[in-house]
Amino acid sequence: MRTHMHSSRPARVRQDDYVVSAEFYDILQAEQDAVRVRRLYSRAVESARLGVLDVGAGTGRVTLMSLLASQVDVHAIEPAHAMRTPLMTRLASLPADLRARVTVHSTTLSEAGLRKVADLAICHNMIACLSPSARHVLWTALAEALVPGGSLLLQLPPPGLLPDEVTERRFPEQQVGRHQYGGRMVLSAERDRIRTRFDYWVRERGLLLREHTETFWMWPASRTEMIKDLEDHGFVPQQPPLEDPAVLAMTLDPHLQ
């Protein structure tokens with residue numbers, strides 16, 4: 001069985017995006033990503049005093065960490081049904097007192113209409129998948145959802161296009177019962193975008209049982225470009241900057257009303 005699903009030039013996430021990747025993400029990537037999430041954001045989450053926004057929550061690594069590391073309300077923004085389903089399953093296993101502090105929004109942040117609900121917003125592993133026009137919509141929504149002086153931490157997109165040759169990254173295969181789950185990410189440049197193809201497979205004793213392919217697009221942007229875009233929406237660079245160059249830290253101008 002071979003499934004092909006392609007999302008071409010998405011201005012916003014559609015409900016059926018990630019329907020293939022959602023099955024494979026947790027088993028192939030989430031454990032390593034959870035370590036990265038704690039390293040990049042846990043200190044900021046521990047300092048939150050009003051609320052945390054997890055924009056593009058996916059299957060919930062940032063959301064869960066935020067619930068455990070803080071005492072504030074958490075808003076998980078995830079419009080993709082396929083990714084929201086494992087997120088809800090994960091939240092359902094939590095004690096009732098933790099679940100009482102998290103709200104899952106099945107829309108984009110701009111559609112959620114949140115106003116001044118958080119002093120920290122995290123955009124992990126999602127900005128690269130937004131077109132420049134979609135990013136501007138997000139910046140406006142973030143400025144409305146954060147209180148003045150609130151912090152924005154975002155994982156930067158690739159700073160530029162890839163070379164002409166194709167780049168491949170394989171995920172370590174994982175054993176689940178009798179089956180081996182594997183996958184790879186294949187990157188290639190196409191005009192002003194990066195084509196990102198995920199290939200997944202399931203094998204038993206070397207025999208291929210099924211394979212799937214899902215394709216997305218990424219839009220490169222330099223750190224300087226991102227700072228300029230955010231400054232146009234009322235954000236200023238956080239001082240001192242974070243040590244990790246993969247994350248940009250901005251602050252919503254505390255003088256904004």
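Which residue forms a salt bridge with E23? In this predicted model, the partner of E23 is R210, and the closest N and O atoms of the two are 2.5 Å apart. The pair links distant parts of the chain, since E23 belongs to helix α1 (residues 21–46) and R210 to strand β10 (residues 207–218), with their positions 187 residues apart in the sequence. Neither end of this bridge is hidden from view: E23 is partly exposed, at a relative accessible area of 40%, and R210 is partly exposed too, at 22%.

Helix α1 takes part in a further bridge. Here the side chains of D26 and R90 meet, with an N to O distance of 2.8 Å. Because R90 lies in helix α3 and D26 in helix α1, this salt bridge ties together parts of the chain that are 64 residues apart in sequence. The two partners fall into separate classes of exposure. With a relative accessibility of 18%, R90 counts as buried because the cut-off for that class is under 20%. D26, at 23%, is partly exposed.

A look at helix α3 itself adds some context for R90. This helix covers residues 81–92, and P86 has its place there. P86 is partly exposed, with a relative accessible area of 22%; that value is not under 20%, so P86 does not count as buried. From P86 to V166 there are 80 residues in sequence, and the C-alpha atoms of the two lie 31 Å apart in space.

The structure holds 15 salt bridges. One of them joins E168 and R170, whose closest N and O atoms are 3.1 Å apart. E168 is partly exposed, with a relative accessible area of 42%, while R170 is exposed, with 53%. R170 reaches this class because its value is over 50%. This bridge does not stand alone: through shared partners, salt bridges join E168, R170, R184, R197 and D199 into one network.

Back in helix α1, another acidic residue deserves a look. Is D33, which lies in helix α1, buried or exposed? D33 is buried, with a relative accessible area of 7%. What does D33 touch, once its neighbours within four places in sequence are left aside? The contacts of D33 are then with Y25 and H124.

The last feature to visit is an empty space in the model. Rolling a probe the size of a water molecule over the atoms shows where such space is left. The second largest pocket has a volume of about 460 Å³. Its lining is made up of 18 residues, and those closest to the pocket centre are R39, L40, R43, A44 and L242.

Which element gives the most to this lining? Helix α1 does, with 7 residues in the lining of the second largest pocket. Strands β5 (118–123) and β6 (146–155), like α1, each supply at least two residues. By chemical character, the lining of the second largest pocket divides into 7 nonpolar, 4 polar and 7 charged residues.

Taken together, helix α1 appears in several parts of this account. Helix α1 holds E23, the salt-bridge partner linked to strand β10, and D26, the partner linked to helix α3. D33 also lies in helix α1, and helix α1 gives the most residues to the lining of the second largest pocket.

Technical notes:
Residues are numbered from 1 along each chain as its sequence is written. This is a predicted model: local features need pLDDT of at least 70, side-chain atom pairs count only at pLDDT 80 or more; totals for chains, interfaces and linings use all residues. Side-chain values use heavy atoms; hydrogens and water are left out. Helices (H or I, at least four residues) and strands (E, at least two) are DSSP runs, numbered from the N terminus. Buried means under 20% relative accessible area, exposed over 50%, partly exposed in between (1.4 Å probe, protein chains only). A salt bridge is a side-chain nitrogen of Lys or Arg within 4 Å of a carboxyl oxygen of Asp or Glu. Contact means heavy atoms within 4.5 Å. On a 1 Å grid over the protein atoms alone, a cavity is a set of points where a 1.4 Å probe fits but cannot get out, and a pocket is an open set with protein on both sides within 12 Å along at least five of seven lines; lining residues have an atom within 4 Å of a point. Grid points are joined across faces, edges and corners, and a volume is the space filled by probe spheres set on the points. Ala, Val, Leu, Ile, Met, Phe, Trp, Tyr, Cys and Pro count as nonpolar, Asp, Glu, Lys and Arg as charged, and the others, Gly among them, as polar.
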